[in-house]
Amino acid sequence: MRTLVSLLTLGSLAAARGAAEVPMEVKVVVITTFEVGADTGDKPGEFQYWVEREHLDQTIKVPGMDHVVRTDGHGLLGVVSGTTSRSGLQLQALALDPRFDFSHAYWILAGIAGVDPADASIGSAAWARYVIDGDIAYEVDPREAAPDWPYGIMVIGADRPNRKAPPQGWEPEKMCYPLNPALVARAFELTKEVPLLDTPEMQKYRATYVGFPNAQRPPFVLLGEVLGSNRYWHGARMTEWANDWVALWTEGRGNFVMTAMEDQGVAAALMNLSRAGKADFQRVLFLRTASNYCMPAPKQGVVDSLVAEYAGGIPAFEAEWRVGRVMVHEILDHWDKYGPKAP
């Protein structure tokens, strides 16, 4: 009898150990880039509304990530990636953690940004069709550039701005990351009428963008590209460069709308993980919401614009949740359509 009890006990322990080793099936990962304090109950950053409103009550410490991962226990994961392109390193650490199965997961980056006033207003939300890397370039001080150059940034190997160069033999494989057009179109179609927060402060500030009709509109949802750069740039000349750079690397198919400091790193990480079978790049979305404009109003100084408190700060946090959650719940509520059997 004692031997039988011992065998049963050992069998139970083995079964429990085996059950513990079954990885969690992740259906959706919401990626935010920063939180200003606690995850709940204080001044919000990008993560807080997701934690509070999606009931991400369970926390998991992942080696290699600075911030705890949170989950609702039903397939939704929320993470804080950290800022700049280094965010991609933390996502790689997450995806390589054996406690999770990301093989069929959708990844939705939801973060705030600076918006081109030619395209949209603060508080607006843009789904990207392309993610563009803005870091790898030649750069000279514009005061030392040729008089006919609009700015001092060039493609490596080129001899003037806004021109591609012959292959150099060492350049990075990716400067432009096209996203799944059907998935992006679905996200936009489901969210294009989502009501966004507007405030008297936003209305007053956007009225100063005389000559920019889209900048003066109430917040809205649109399609538009995101340009990622580790530098927090600002100004009319830099916005001209951003538009040219996005058009150049998308061969005229994309339109610069939103700035970012993380998306190029996140895109590179998820592309590499996709090649390794740890993620699926066809299930990746980038949503940016406008907390500020990326250039000053016509009668505003560039430094004043750069350092001003974001008139669209809280509304941008609100927009990323209001718009992003629609696609999150579309996937979770229709997993039979979006899950392993989806094309």
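**Stop 1: the largest pocket**

Select Ile112, Ala113, Tyr232, Met261 and Tyr310, which lie nearest the centre of the largest pocket among its 22 lining residues. This is a predicted model, where local features need pLDDT of at least 70, side-chain atom pairs count only at pLDDT 80 or more, and totals for chains, interfaces and linings use all residues. Residues are numbered from 1 along each chain as its sequence is written, and side-chain values use heavy atoms, with hydrogens and water left out.

What counts as a pocket? On a 1 Å grid over the protein atoms alone, a pocket is an open set of points with protein on both sides within 12 Å along at least five of seven lines. A cavity, by contrast, is a set of points where a 1.4 Å probe fits but cannot get out. Lining residues have an atom within 4 Å of a point. Rolling a probe the size of a water molecule over the atoms shows where empty space is left.

The largest pocket holds about 310 Å³ of space. Its volume is the space filled by probe spheres set on the points, with grid points joined across faces, edges and corners. Now colour β7 (106-115), β15 (256-260) and β16 (284-293), the elements that give two or more residues to the lining of the largest pocket. Helices (H or I, at least four residues) and strands (E, at least two) are DSSP runs, numbered from the N terminus. Which element gives the most to this lining? β16 does, with 4 residues.

Colour the lining by class next. In the largest pocket you will find 10 nonpolar, 8 polar and 4 charged residues. Nonpolar here means Ala, Val, Leu, Ile, Met, Phe, Trp, Tyr, Cys and Pro; charged means Asp, Glu, Lys and Arg; the others, Gly among them, are polar.

**Stop 2: the second largest pocket**

Select Lys43, Tyr310, Gly313, Ile314 and Phe317, the closest to the centre of the second largest pocket, which is lined by 13 residues. This pocket has a volume of about 250 Å³. Show helix α9 (residues 313-333): this helix gives the most to the lining, with 4 residues. By class, the second lining has 9 nonpolar, 1 polar and 3 charged residues.

**Stop 3: strand β7**

Go back to β7. Is this strand buried or exposed? 10 of the 10 residues of β7 are buried, so the strand is largely enclosed by the rest of the structure. Buried means under 20% relative accessible area, exposed over 50%, and partly exposed in between (1.4 Å probe, protein chains only).

Show the side chains. In a regular strand the side chains alternate between the two faces of the sheet. From β7, Tyr106, Ile108, Ala110, Ile112 and Gly114 point one way. Trp107, Leu109, Gly111, Ala113 and Val115 point the other way.

Now look at the partners of β7. Two strands pair if DSSP finds at least two bridges between them. Strand β2 (residues 28-32) pairs with β7 in the parallel sense over 4 bridges. Select Val30 and its bridge partner in β7, Ile108. β16 also pairs with β7 in the parallel sense, over 9 bridges. Here, Trp107 has Val284 as its bridge partner in β16.

**Stop 4: strands β9, β14 and β15**

Select strand β14 (residues 225-228). Glu225 and Leu227 point one way from β14, Val226 and Gly228 the other way, and all are buried. Strand β9 (residues 130-133) pairs with β14 in the parallel sense over 3 bridges. One bridge to find is Val131 with Val226. Another joins Asp133 to Gly228.

Next, β15. 4 bridges join β14 to β15, and the two run parallel. Leu227 has Thr259 as its bridge partner in β15. Add helix α6 (residues 236-249): β14, α6 and β15 make a right-handed β-α-β unit. Right-handed means that, with the strands pointing away from the viewer, the path from the first strand over the helix to the second runs clockwise.

**Stop 5: the cysteines**

Strand β12 (residues 176-178) pairs with β9 in the antiparallel sense over 3 bridges. Select Cys176, the bridge partner of Ile132 in β12. At 13% relative accessibility, Cys176 counts as buried.

How many disulfides are there? A disulfide is a pair of cysteine sulfur atoms within 2.5 Å, and the count comes to 0. The sulfur of Cys294 is 19 Å from the closest cysteine sulfur, in Cys176, too far for a bond. Cys294 counts as buried at 2% relative accessibility.
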